Amino acid sequence: MEVAEPVPAPRPGGEKRPPPEEEPPHAAKRTKLQQGAEGEENGGRAGRAAEVEKGGEGPAEGEGLVEGGGPAEGEELGEGEGPGVEEEEEGDSFAEMMKHGLTEVDVGILKFVSDHEGFSGILKERYSDFVVHEISKEGAIVRLDDLTVPVDAEDPPLDVSDVLTEEQKQQLEELQLFKNKEGNVTIEVVEDTKEKRTLLHQAVKSLFPGLETKTEEREGVKYIVAYHAAGKRALAAPRKHSWPKSRGSFCHCVLYKENKDTMDAINVLSKFLRVKPNIFSYMGTKDKRAITVQEIAVLKISAQRLSHLNKCLMNFKLGNFSYKKHPLKLGELQGNHFTVVIRNISGSDAQVQQAMTSLRDTGFINYYGMQRFGTTAVPTYQVGRTILQNNWTEVVDLILKPRPGAEKGYLVRCREEWARTQDPEAALRKLPVKRCVEGQLLRGLAKYGRKNIVTAFGLIPRNNRLMYIHSYQSYVWNCMVSRRIEAFGLEAVPGDLVLRGGTAVPLSQEEAASHTIHDVVMPLPGFDVIYPAHHIGDGYREMLSADGLDIDNMRHKIRDYSLSGAYRRILLRPQDVRWEVISYDDPRIPLVHTDVEKLEGKPPPVFPKEGQYRALRMEFSLPPSTYATMAIREVLKMDTSIKNQTQLNTTWLC
């Protein structure tokens, strides 16, 4: 089979674009032209069109990258992002800003493996068009299909209908949702016994986990007063609960969420439970602009207590509860199962059939997707390269200097102040949010001075610092894989590397004949890998040498920045591939039957035989650290960069 060259994204040819999605009032604010994905990496970024999804995440070498600050990889705030900040200033044109963004060619994504004709479509027009189900470490697709709470004699015997009246429950629910103007709810203790007061306390705390209670006496009558716990103080010293010794310490459950990334969801859950987020564990972070279903584990919080959150949280559901002795660990999952809707497709049924058959049988090039490299005119791999070069002055310059592209106004002002004064404290005052990468670096420079850049840079969380150099590894890998496919096509050749028992070995002439391209791996550069024995191996050396790096000495003076390297398959074939072309007339209707809709007994969507629009609905499973939009790219033959997707969406709006 010949290797197909990249083709320009097909023009819509005058097709009328369906009206933009009408999101519910609680949905995140978006700019006018923000029609595609708001972001991923299975962690959402505002303004990302056709963004990348990972099959599963873990903080391993070569793992996901987005510039930004935050306490955990899953949160992955973008450059200058932080909670409570408007996505874009009034009047900004996202399309204009993205003229300076990266394209696939800029990060080495050059080749396709199939020879079918590409066609256009809209990815993630609605967040419900992208549904992700985790695949557990046992290989089962994680689904939310049971909301019942395990019967446990150790849980407090709460017969709510006897303890609280309907009026009291209504008042408490309004208080929980901050709809009560009084700020508290007072419940008179009719039978003043310790047992009755205890039961009331338990009922309120279990049914309404966001509330705290106390007993007050007024004119000889005792009352239970329910109120919102003080935020930070309550989180610092959560209420203690006894935990039965016979029960596993971790409550495992399935988390269903809409339009929230994993860390945001856990932050919400922890606040309502009045506990610290670090009692939650999970196997992989999931995207914001999607519906995602994944397993989480919570330390010493009962299923009964967790299930009560279903009554007071929107766009969340918890179920499938069980108690186990162990938490979950990042990277334990086997991957993710994706259900993806591409709306308003231009391809014929025959084109779709050919494209999807090729994806199923041949697969796609296992490129690192666009999200790995940032969204502005300064790619994150450039920062990673300067770290590896030990050029710390340039590291600071690359992160803080003014740049064209998608930048918020306050961040532009911060950069301009830094360029003008080189004063970290003055630049820091321009940032309303200090938790972004720029804010953390400026805080470090203000604290330690410009002669101690390495120490100042260390104030950025470790995961975020390492993501810069992982971005450089990914950039090299993408470039070398494109060069490898250009040189040798889709055949295994002598000198290619394959894994045997976890060890990479080059193929001999005889061995190459008995292997396929699906066996071949390519290394991410590091001190503990070998390189292909053909001329692509020399290409690695040339590329690193041109970047001022010694391929034979990938150990850094600072241990954190030493790269051991890793191996990654060139081609991947998705598993469980299914697809159908569906017709629809209303662009606002969901085209996927979700787990919650099934639980609520809602019927699946019904599609007309003929409709104004056509959509491709596909399903497939991918292993960890694999990008679903690289698979979708192979189907559509379309550049998945924000720059291209924004231009395409803008064209459709005209």
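**A sheet and two helix pairs**

Visitor: What is the strand order of the open sheet of 3 strands?

Guide: We're looking at a predicted model here. Its open sheet has 3 strands, and the pairing is antiparallel. Reading across, the order is E3-E5-E4.

Visitor: Which are the edge strands?

Guide: Look for strands that pair on one side only. In the order E3-E5-E4, the ends are what to check. The edge strands turn out to be E3 (184-188) and E4 (211-218).

Visitor: How many bridges join E4 to E5?

Guide: E5 covers residues 221-228 and runs antiparallel to E4. One place to look is tyrosine 223 in E5, which has glutamate 216 standing opposite. As for the bridges joining E4 to E5, the count is 8.

Visitor: Which helix packs on the sheet?

Guide: The sheet's neighbouring strands are turned against each other by 25 degrees on average, direction ignored. The helix in question touches E3, E4 and E5, and its direction makes about 155 degrees with that of E3. That's residues 166-176, helix H3.

Visitor: Now the helices: are H9 and H10 roughly parallel or roughly antiparallel to each other?

Guide: H9 (residues 380-388) packs against H10 at an angle of about 165 degrees, with the axes 8 Å apart. Angles over 145 degrees count as roughly antiparallel. So H9 and H10 are roughly antiparallel.

Visitor: How many residues of the contact of H9 with H10 are nonpolar?

Guide: On the H9 side you'll find Gln382, Val383, Thr386 and Ile387, and these meet Trp392, Glu394, Val395, Leu398 and Ile399 in H10. The residues of this contact include 2 polar and 1 charged. The nonpolar count is 6.

Visitor: How are H10 and H13 oriented to each other, and which term fits?

Guide: H10 (residues 392-400) and H13 (residues 437-448) have their axes 10 Å apart and pack at an angle of about 135 degrees. To count as roughly antiparallel, an angle has to be over 145 degrees, and roughly perpendicular covers 65 to 115. H10 and H13 are therefore oblique.

Visitor: Is the crossing where H10 passes H13 left-handed or right-handed, and how many residues of the contact are charged?

Guide: H10 passes H13 in a left-handed crossing. Val396, Ile399 and Leu400 of H10 make the contact with Val437, Glu438, Leu441, Leu442 and Leu445 of H13. These residues divide into 7 nonpolar and no polar, and the charged count is 1.

Definitions and conventions: Residues numbered from 1 in each chain as written. Predicted model: local features only at pLDDT ≥ 70, side-chain atom pairs only at ≥ 80, totals over all residues. Heavy atoms only, no water. Axes fitted to C-alpha atoms, helices over the stretch in contact; angles between N-to-C directions. Helix = DSSP H or I, 4+ residues; strand = E, 2+ residues; numbered from the N terminus. Parallel < 35°, antiparallel > 145°, perpendicular 65-115°, else oblique. Left-handed = near helix turned anticlockwise from the far one by under 90°. Contact = heavy atoms within 4.5 Å. Nonpolar A, V, L, I, M, F, W, Y, C, P; charged D, E, K, R; others polar. Pairing = 2+ DSSP bridges.
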